[in-house]
Amino acid sequence: MSIESLQALGQEAQSLAAGSGGKVIPILPMSAAEDEVARSMQICNACRYCEGFCAVFPAMTRRLEFLKADVNYLANLCHNCGACLHACQYAPPHEFAINIPKAMAQVRGQTYIDYAWPPALGQLYKRNGLTLSLALVAALTLFLVLGAVLQGGGLSALWGADLGANFYNLFPHNMLVGMFAPVFVFVVFALSMGVRRFWKDIKPATSGADVSGAAATEATSDVLRLKYLDGGHGEGCHNEDDAYTLRRRRCHHLTFYGFMLCFAATSVATLYHYVFGWAAPYDLPSLPKLLGGVGGVMLTLGTAGLWMLNRSRHPMHGDAKQKPMDLGFIALLFLVATSGLALWWGRATPALALLLCLHLGAVMALFVTLPYGKFAHGVFRTAALLRHTTEKRQPNPIGLGAD
């Protein structure tokens, strides 16, 4: 059947459903990657050996066919733990060539582009993630260096200037707010636009029910614990071979909670400045310094671990084309953490100005790329888990299988 015929059928189905007050699930043409997930899911649905591994397979059993919305939903439920690949009797070199982690990763990467706002930036970052990340850091750092030179009256502003261990003497507080506040607002808006469209597309395909308090609580717990990186048995997932390891889960935890502690440090410092009138820089044992110091160390360790795991991961465990995007995000987080710690330790040294420019350049580059890089996977996966915990509380529409 041609694409035009499918679209015509989809429009007719939407008209009938709208007229009867029914749920609208549009029939849309799928990409080659989405077709491969649909094909694999049909075979997996007949086998069901991996049903207890993660959220993907119980969600799969509630379907007899897999349209575009179902495929995008399932792809973002997948945590790429690799357990199903090593357990599958139909994995390569079998003629069925089932590789769920790779197929899901390809679709997942495509959703980041399809739902990116604006879309062109998502495509650019996917193809050149690591190069673009490092180039942005270099360009923004150079921009800030030039600003420091012009504001400080010459090259002497970059080394040994008497700043009194206070970076606001180089870049005033209001100047920094004026630089970073618009970027932060843009990031929140771009991510919101993307996940809003994603949610609108997958909600009809996942029962259409609204999220209850119990479903939201369960999904939040699953996200914060990274439940589905345990391989379904608590021993962990796979990386370079078929051995179980908890390293990926632990490194993800260090990275996520380190990032959140750093964000909390910035938030507390903002309250200190605007509510209590306590101006930075802060020293130990102040809360911003404690949160930022611990968070920076955790973020450094977590990203260093993820970099090594990513570089050593077996090529069948994911989509090799996404490595630049993955490594770009990891590199930015690592630079933000290490430059922040270096700025703390070197605040009273002649290197303060250069370290500040490097740290601010890395932070700005990270924020600019957040909606288009690996950070987006956390947002889309959270949305998919919310739909999963909501859907599984509804009656099974086909009356087969179990959750």
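This is a dialogue about reading helices, aromatic pairs, a surface patch and salt bridges in a predicted model.

Visitor: Let's start with helix α9. How does the distance between the end C-alpha atoms of α9 agree with its 30 residues?

Guide: A helix has an expected span that follows from its residue count, at 1.5 Å a residue. Helix α9 covers residues 173–202, so its 30 residues should span 44 Å. The end C-alpha atoms of α9 are 43 Å apart, which agrees.

Visitor: Where does a kink lie in α9?

Guide: Look at Phe180, where there is a kink of about 25 degrees. Phe180 comes shortly before the proline Pro182.

Visitor: Which residues of α9 are buried?

Guide: The general idea is helpful here: an α-helix has 3.6 residues a turn, so residues three or four places apart point the same way. In α9, the buried residues are His173, Leu176, Met179, Phe180, Val183, Val187, Ala190, Leu191, Gly194, Phe198 and Ile202. Try colouring them on the structure.

Visitor: Now the rings. How many aromatic pairs are there?

Guide: A pair of aromatic rings is described by the distance of the centres and the angle of the planes. In this model the count comes to 16 aromatic pairs. One of them is formed by Trp117 and Phe186, with 6.2 Å from centre to centre and 45 degrees between the planes, a tilted arrangement.

Visitor: Which parts of the chain does the pair of Trp117 and Phe186 tie together?

Guide: Trp117 sits in the loop between α6 (100–114) and α7 (119–127), while Phe186 belongs to helix α9, so the contact ties together parts that are 69 residues apart in sequence. As for exposure, Trp117 is partly exposed at a relative accessible area of 34%, and Phe186 is partly exposed at 29%.

Visitor: What kind of pair do Tyr272 and Tyr282 form?

Guide: Tyr272 and Tyr282 form an edge-to-face pair, with 80 degrees between the planes and 5.5 Å centre to centre. Tyr272 is in helix α11 (residues 247–276) and Tyr282 is in the loop between α11 and α12 (287–312), 10 residues apart.

Visitor: Are Tyr272 and Tyr282 buried or exposed?

Guide: Here a cut-off is needed: buried means under 20% relative accessible area. Tyr272 has 16%, so Tyr272 is buried. Tyr282 has 13% and therefore counts as buried.

Visitor: Which residues form an aromatic cluster?

Guide: Tyr112, Tyr115, Phe198 and Phe380 form one aromatic cluster. You have met Phe198 already, among the buried residues of α9.

Visitor: Let's turn to the surface. Which residues make the nonpolar surface patch?

Guide: The patch is made by Phe184, Val185, Val188, Leu224, Phe256, Tyr257, Met260 and Phe263, and its area is about 660 Å². The elements giving two or more residues to the patch are α9 and α11. Helix α11 supplies the largest share, with 4 residues. Leu224 comes from helix α10 (residues 213–225), and Leu224 is partly exposed at a relative accessible area of 37%.

Visitor: And the charged side chains: how many salt bridges are there?

Guide: The count comes to 11 salt bridges. In one of them, Lys68 meets Glu34, with the closest N and O atoms 2.9 Å apart. Lys68 lies in helix α4 (residues 68–77) and Glu34 in helix α2 (residues 32–47), so this bridge ties together parts that are 34 residues apart in sequence. Both Lys68 and Glu34 are buried.

Visitor: What parts does the salt bridge between Glu218 and Arg393 tie together?

Guide: Glu218 and Arg393 have their closest N and O atoms 2.8 Å apart. Glu218 is in helix α10 and Arg393 is in the segment after α15 (375–391), so the pair ties together parts that are 175 residues apart in sequence. Glu218 is buried, with a relative accessible area of 18%, whereas Arg393 is partly exposed, with 37%.

Visitor: Which residues do salt bridges that share partners join into one network?

Guide: They are Arg63, Asp70 and Glu391. Within this network, the side chains of Asp70 and Arg63 meet at 2.8 Å, N to O. Asp70 is buried at 7% relative accessible area, and Arg63 counts as buried at 5%.

Visitor: One more. How many residues apart in sequence are Gly378 and Val223?

Guide: Gly378 and Val223 are 155 residues apart in sequence, and their C-alpha atoms are 8.6 Å apart in space. Gly378 belongs to helix α15 and counts as partly exposed at 31% relative accessibility.

Key. Residues numbered from 1 in each chain as written. Predicted model: local features only at pLDDT ≥ 70, side-chain atom pairs only at ≥ 80, totals over all residues. Heavy atoms only, no water. Expected span 1.5 Å × (residues − 1). Bend = angle between axes of the 7 residues up to and from the residue. Buried < 20%, exposed > 50% of the residue type's maximum accessible area, 1.4 Å probe, protein only. Phe/Tyr/Trp six-rings, centres within 6.5 Å; stacked < 30°, edge-to-face > 60°. Patch = residues over 30% accessible without salt bridge, like charges linked within 9 Å, V, L, I, M, F, W, Y side chains within 5 Å. Areas by Shrake-Rupley, 256 points an atom, 1.4 Å probe, with all protein chains shown as cover. Salt bridge = Lys/Arg side-chain N within 4 Å of Asp/Glu carboxyl O.
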